[in-house]
Amino acid sequence: MRSVLAILTAGFVLAACAPETDLSQIDASTGTVPVLAASPDEKIKIVGSSTVAPFSTTVAEQFGAISEFPTPIVETTGTGGGFKAFCNGIGPDQPSISNASRPIKPSEVELCAKAGITQLVEVKIGYDGIVLANAKGSPELDLSKEEIFRALAAELPDGKGGWIKNPHQTWKDVADHLPDMQILVSGPPPTSGTRDAFAELAMEGGAEEVAELAALKESDKDDFVKKATTIRNDGKWIDSGENDTAIVQTLMKNPDSIGIMGYSFLEQNLDRLKGAHIEGTDPTFEQIASGEYGISRSMFVYVKKQNVSLVPGIPEFISEFTQEDAWGPTGYLVEKGLIPLQEDERIATREKALALEIMASES
């Protein structure tokens, strides 16, 4: 049975329209907003990750169909762009929810705080794997993280204590067992959470396997991160925007091309694409869920609690998102490629989400 959370906010009065929020009226010590009237037809606005967007969109459509509230608006901006919009202010005209394919950064929490947004609810919704995919008829790939790093890093150790511009032109240049195929990778832009996760999990993970980079991490972590995550800009990597469909089109046109995307998008295109093995492991639902696949990450939605009294339906929407028929092992989001949390984590996460428990601030 579906559980729909009803919320009673003291002093909350429905009215025909919702006035604008004056940020100067926010109590800086508590982050509370004056009680305002809200229009019952005000739509929840959702921004952020292109990877999480299909899940939020599916829930939004279901929510609009079965509830008394209008269907939320979902806009794909990338995780970084989503937080920038989400942290712009409080009010019914501002996004109430931000999709994210990585945790919010301290700098983004600070950006929110500058706009008076001090009550953030973090909801971990499941897992996703980052895949390196190519067209069905293209060569098979089995890559280590170190090989990914050596193929895509802007600079590599020169063996003499210095650094050289990445000389590798083909995958075979990187390792003899790889195909004699041009390195040509289409990936997400810097505003994308997928790009952030790829940089951290694949590039940094691969750099740690290189002796010179491992030593650099011990002596200067900031320089290590810079060296590990700076992607080459000589045409071997192409930023393809936030639209994964554009990456698929590129892969169809060029058999040498590899695309970086979330597992859920690969799953939707298995008739045309295949994923590279990472250190011998296939990018499959089971391998990602078990943690055996080496490039996987958590996905989140962030809720602006201070908008709850200003935009009707936010708690009910979160309730729909976190009920078993949606995000559970047999839920409708699994059909879209969501890899669910374990049962105990789903229960604990739902309880915190329905209580609109504010995430702890980082010092």
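## Exercises on a predicted fold

Of the 363 residues in this protein chain, 52% count as buried. The model is a predicted one, and its chain carries 14 helices and 13 strands. Let's work through two exercises.

**Exercise 1.** Find the disulfide and work out its handedness.

*Solution.*
- Start with the count: the structure holds 1 disulfide.
- Next, locate the partners. Cysteine 87 and cysteine 112 have sulfur atoms 2.0 Å apart, and the cut-off for a disulfide is 2.5 Å.
- Now take the torsion about the S-S bond: it is about -70 degrees, so the disulfide is left-handed.
- Then place both ends. Cysteine 87 sits in the loop between helix H2 (79-86) and strand E3 (97-100), while cysteine 112 belongs to helix H3 (residues 106-114), so the bond ties together parts that are 25 residues apart in sequence.
- Finally, check exposure: cysteine 87 and cysteine 112 are both buried.

**Exercise 2.** Describe how helix H1 meets helix H12, and which residues make the contact.

*Solution.*
- Begin with the geometry. The axes of H1 (residues 53-66) and H12 (residues 314-321) come within 10 Å and cross at roughly 115 degrees.
- Add the handedness: H1 passes H12 in a right-handed crossing.
- List the residues. H1 contributes Phe55, Ser56, Val59, Ala60, Gln62, Phe63 and Ile66, and H12 offers Glu316, Phe317, Glu320 and Phe321.
- Sort them by type: 7 are nonpolar, 2 polar and 2 charged.
- To widen the view, look at the chain's contacts with a separation of 6 or more: 74% of them join residues 24 or more positions apart.

Notes: Residues are numbered from 1 along each chain as its sequence is written. This is a predicted model: local features need pLDDT of at least 70, side-chain atom pairs count only at pLDDT 80 or more; totals for chains, interfaces and linings use all residues. Side-chain values use heavy atoms; hydrogens and water are left out. Helices (H or I, at least four residues) and strands (E, at least two) are DSSP runs, numbered from the N terminus. Buried means under 20% relative accessible area, exposed over 50%, partly exposed in between (1.4 Å probe, protein chains only). Contact means heavy atoms within 4.5 Å. Axes are lines fitted to C-alpha atoms, for helices over the stretch in contact, and angles run from 0 to 180 degrees between N-to-C directions. A crossing is left-handed if the near helix is turned anticlockwise from the far one by less than a right angle, and right-handed if clockwise. Ala, Val, Leu, Ile, Met, Phe, Trp, Tyr, Cys and Pro count as nonpolar, Asp, Glu, Lys and Arg as charged, and the others, Gly among them, as polar.
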